[in-house]
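Please find below a colleague's note for a student who is beginning to read protein structures. It is best read with the sequence and the structure in view.

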Amino acid sequence: MFLGHYLVVNNSLRTIAEDGDAVVILDQTRLPKQTAFVHLLNLEQAAHAIRVMQVRGAPLIGATAAYGVALALREGIPLEQAIDVLAATRPTAVNLRWALERMRRVLEKSAVATRRDVAWQEARTIASEDEEANAAIGRHGSPLLQAVQRRPVQVMTHCNAGWLATVAHGTAIAPIYAAHEAGVDVHVWVSETRPRDQGLLTAWELAQVDIPHTLIADNAAGLLMMQGKVDLVIVGADRIAANGDTANKVGTYLKALAAREHGIPFYVAAPVSTIDFACPKGADIPIEERDAAEFGEKVSRCGTPVANPAFDVTPAALVSGIITEQGVFSAAGLSTIKR
Ligand code: MRU
């Protein structure tokens, strides 16, 4: 069940699993210093885990929310109340809303007597599907790295869109893992991702499997691109609008602008559950504003006014392709995706 930093479900390595009456997660606020698992026993603990980012990354937030509904029903909390509590935790990652809508649809159709079991089963299915989708993203994305002439292939990523951010495998990092497993020599430029340092999580993940990588300050990305040290950029997504505009961790947009200036392909990797077909364009995506305290004590002590938008939007025109479990799509091609 517990294997090093992983949870093991049916012989596969996961970030979230069931343990008796509880849902177990790896507390990402303690990584990379410490591996600590947390048992979620009720709705409030699940909501708290998402809110404070013990779990983070769009797909993992979605899976945790689904399990949050199952925990809530076991407590006797009405479905709508559970959905409202969970939906209010984080606004940008659409996988949260997607998972809650899916739970609602399935549970509304089921007999009251079976609802609790159905909720656990559906949460389990959402988790398994995420694992499969991300493995497929790896398979579809790996050829993009293999097509690069230079060795090692120089990939840049931002934030953490590796296995930690999903149920398994990751999204932006899945093609890197797949290429590495296929024997391709890869080096990853990992941008640190102020103010919460998710880049450190990516560096830690890559270190576990000996993929060469270098952590950089967010603002060093443009220089490295200008110096010809980057072959392609792959980032994850928290929500992709129907027109291909993509919300991801703040700082992504600047990387896309620099990549365009230097003729570097810029890919977004995400499962179909991250595409919000009901959201026409990036300007309609809600951007989460997080607490100023995330800038740390030094800033807090100064009392300086702080703005802390957690995401930005990269216009579809800057995106070379969107790597999904169904293949690599252009923004215009998103409408052909099977849902
Ligand atoms: O605020 P976070 O750490 O949840 O933000 C995570 C990201 O922006 C990821 O790039 C995105 O969720 C994709 S995760 C596979």
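The points below take up the ligand and its surroundings, and then the backbone.

1. The model is predicted. The note should be read with this in mind.

2. The ligand has a shell of 18 residues around it. The closest of these are Arg56, Arg90, Asp238, Asn248 and Lys249. In character, the shell is made up of eight nonpolar, six polar and four charged residues.

3. Which parts of the chain supply the shell? Domain 1, residues 2-130, and domain 2, residues 139-336, both contribute residues to it, so the ligand lies between the two domains. Among the secondary-structure elements, helix α2 (58-75) and strand β12 (246-249) each provide at least two residues of the shell.

4. Three side chains may be examined for polar atoms beside the ligand. In arginine 90, an N or O atom of the side chain is 2.8 Å from an oxygen atom of the ligand. For glutamine 198, a side-chain N or O atom is likewise 2.8 Å from a ligand oxygen atom. Aspartate 238 has a polar side-chain atom that lies 2.8 Å from an oxygen atom of the ligand. Each of these pairs falls within the 3.5 Å limit for a polar contact.

5. How much of the ligand does the protein bury? Taken alone, the ligand exposes 410 Å², and the protein buries 100% of that area. The space that the ligand takes up is the largest cavity.

6. Two peptide bonds that lead into a proline deserve attention. Leucine 31 and proline 32 are joined by a cis peptide bond, with omega about 0 degrees. Proline 32 belongs to the loop that runs between strands β5 (22-26) and β6 (37-40). The peptide bond from arginine 151 to proline 152 is also cis, and its omega is near -5 degrees. Proline 152 is located in the loop between helix α5 (115-146) and strand β7 (153-158).

7. Where is cysteine 159 found, and what is its phi angle? Cysteine 159 is in the loop between strand β7 and helix α6 (174-181). Its phi is near 65 degrees, a positive value in a residue other than glycine.

8. To review the main point, the student may return to the ligand in the display. The ligand lies between domain 1 and domain 2, and the protein buries 100% of the area that the ligand exposes when taken alone.

Conventions
Residues are numbered from 1 along each chain as its sequence is written. This is a predicted model: local features need pLDDT of at least 70, side-chain atom pairs count only at pLDDT 80 or more; totals for chains, interfaces and linings use all residues. Side-chain values use heavy atoms; hydrogens and water are left out. A residue is near a molecule or strand if one of its heavy atoms lies within 4 Å of it. A polar contact is a pair of N or O atoms within 3.5 Å; within protein, one must be able to donate a hydrogen and the other to accept it, and residues adjacent in sequence count only if both atoms are side-chain atoms. Accessible areas come from the Shrake-Rupley method with a 1.4 Å probe; for residues, only the protein chains shown count as cover. On a 1 Å grid over the protein atoms alone, a cavity is a set of points where a 1.4 Å probe fits but cannot get out, and a pocket is an open set with protein on both sides within 12 Å along at least five of seven lines; lining residues have an atom within 4 Å of a point. A molecule sits in a cavity or pocket if more than half of its atoms lie within 2 Å of its grid points. Helices (H or I, at least four residues) and strands (E, at least two) are DSSP runs, numbered from the N terminus. Ala, Val, Leu, Ile, Met, Phe, Trp, Tyr, Cys and Pro count as nonpolar, Asp, Glu, Lys and Arg as charged, and the others, Gly among them, as polar. Domain bounds come from an automatic or database domain assignment.
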